[in-house]
Amino acid sequence: MIPETGGWEEDYSRRGILWSGVTHDLPELPLGSRVLELGSGNGKTLSVMIHRGWDVTAIDFSPRAVSLSQERCKGTSSREFIVADARFLPFKSNSFDAVFAIHILGHMGERDRNLMPGELAHSLKAGGILFFSDFSTDDFRCGSGCETEAATFQRGTGIITHYFSRQEVIDLFSTLTPVSIRIHQWPMRVRGKNLVRSEIKGVFTR
């Protein structure tokens, strides 16, 4: 089990579905595109992907999360579920037309984050697309918890979260070609305070 994210299996086992709602903000890809989702969790994003006509492979290091994804997507086709560590993808090179890394790298330590772009590029076909999303340093939770590395904080669950700057994302994926990098923000009211959630979303091609 990944040391930095060991709390996920316990959290999924204890609480079940951690993420509610449905994800609608997905790009357009051709029918039949072979797609990899890293960290499928309880299937929130996957449940939308499989209705786009894509051939989806979903992985998560947590067996409980994979089980929840399977339950949520029961009765659908064109998907495969694998318990696997995203740092060591069990696929041949040039396997996927697109890879989605949504709130995955932010739960890894610096060493593993720096190794991931090479692992992802290896799995993409020539011309394949990487979709990246993680919290930015402008997010209201940045600085909350115990700082384990620069801009990386551990909260009560034991799970770490790294908060990215725009330049950091550009540098991290320097071996890929950037298509777009943007900041997405939305308001959140917590205990009577108006706060801001902030993500960096990047699209890169091999």
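Two strands are taken as paired if DSSP finds at least two bridges between them, and strands (E, at least two residues) and helices (H or I, at least four) are DSSP runs numbered from the N terminus. The structure described here is a predicted model, in which local features need pLDDT of at least 70 and side-chain atom pairs count only at pLDDT 80 or more, while totals for chains, interfaces and linings use all residues. Residues are numbered from 1 along each chain as its sequence is written, and side-chain values use heavy atoms, with hydrogens and water left out.

A convenient place to start is strand 4 (96-102). Of its 7 residues, 5 are buried (under 20% relative accessible area, with a 1.4 Å probe and protein chains only), so strand 4 is largely enclosed by the rest of the structure. Strand 1 (residues 34-38) runs parallel to strand 4 and is joined to it by 4 bridges; here L36 has V99 as its bridge partner. Strand 5 (residues 124-135) also pairs with strand 4 in the parallel sense, over 6 bridges, and A101 stands opposite F132 of strand 5.

From strand 5 the pairing can be followed further along the chain. Strand 10 (residues 193-205) pairs with strand 5 in the antiparallel sense over 7 bridges, with I200 of strand 10 as the bridge partner of D134. Strand 10 is also joined to strand 9 (residues 177-190), again antiparallel, by 13 bridges, and P178 has its bridge partner in F204. Strands 9 and 10 form a hairpin with 2 residues between the strands, where R191 takes a positive phi near 50°.

The helices deserve a look of their own. Helix 4 (110-123) forms a right-handed β-α-β unit together with strand 4 and strand 5; right-handed means that, with the strands pointing away from the viewer, the path from the first strand over the helix to the second runs clockwise. The 14 residues of helix 4 reach 21 Å from first to last C-alpha, close to the expected 20 Å (1.5 Å times one less than the number of residues). Helix 4 has a kink of about 30° at M116, shortly before the proline P117; this bend is the angle between axes fitted to the seven residues ending there and the seven starting there. Both M116 and P117 are among the buried residues of helix 4, which also include D112, R113 and L120. In helix 3 (residues 63-72), the buried residues are A65, V66, L68 and S69. They cover an arc of only 160° around the axis, taken from the directions to the C-beta atoms, which puts them on the same side of helix 3.

A further open sheet has 3 strands in the order 6-7-8, with antiparallel pairing. Strand 6 (146-149) and strand 8 (160-162) stand at its edges with a single partner strand each, so one side of each is left without a neighbour in the sheet. Strand 6 is joined to strand 7 (residues 152-154) by 3 bridges, and C146 has Q154 as its bridge partner.

Finally, the loops hold some backbone details worth noting. Most residues other than glycine have a negative phi. N94, in the loop between strand 3 (79-83) and strand 4, has a positive phi of about 60°. N94 is partly exposed (from 20% to 50%), with a relative accessible area of 39%. H103 likewise has a positive phi, near 55°, and lies in the loop between strand 4 and helix 4.
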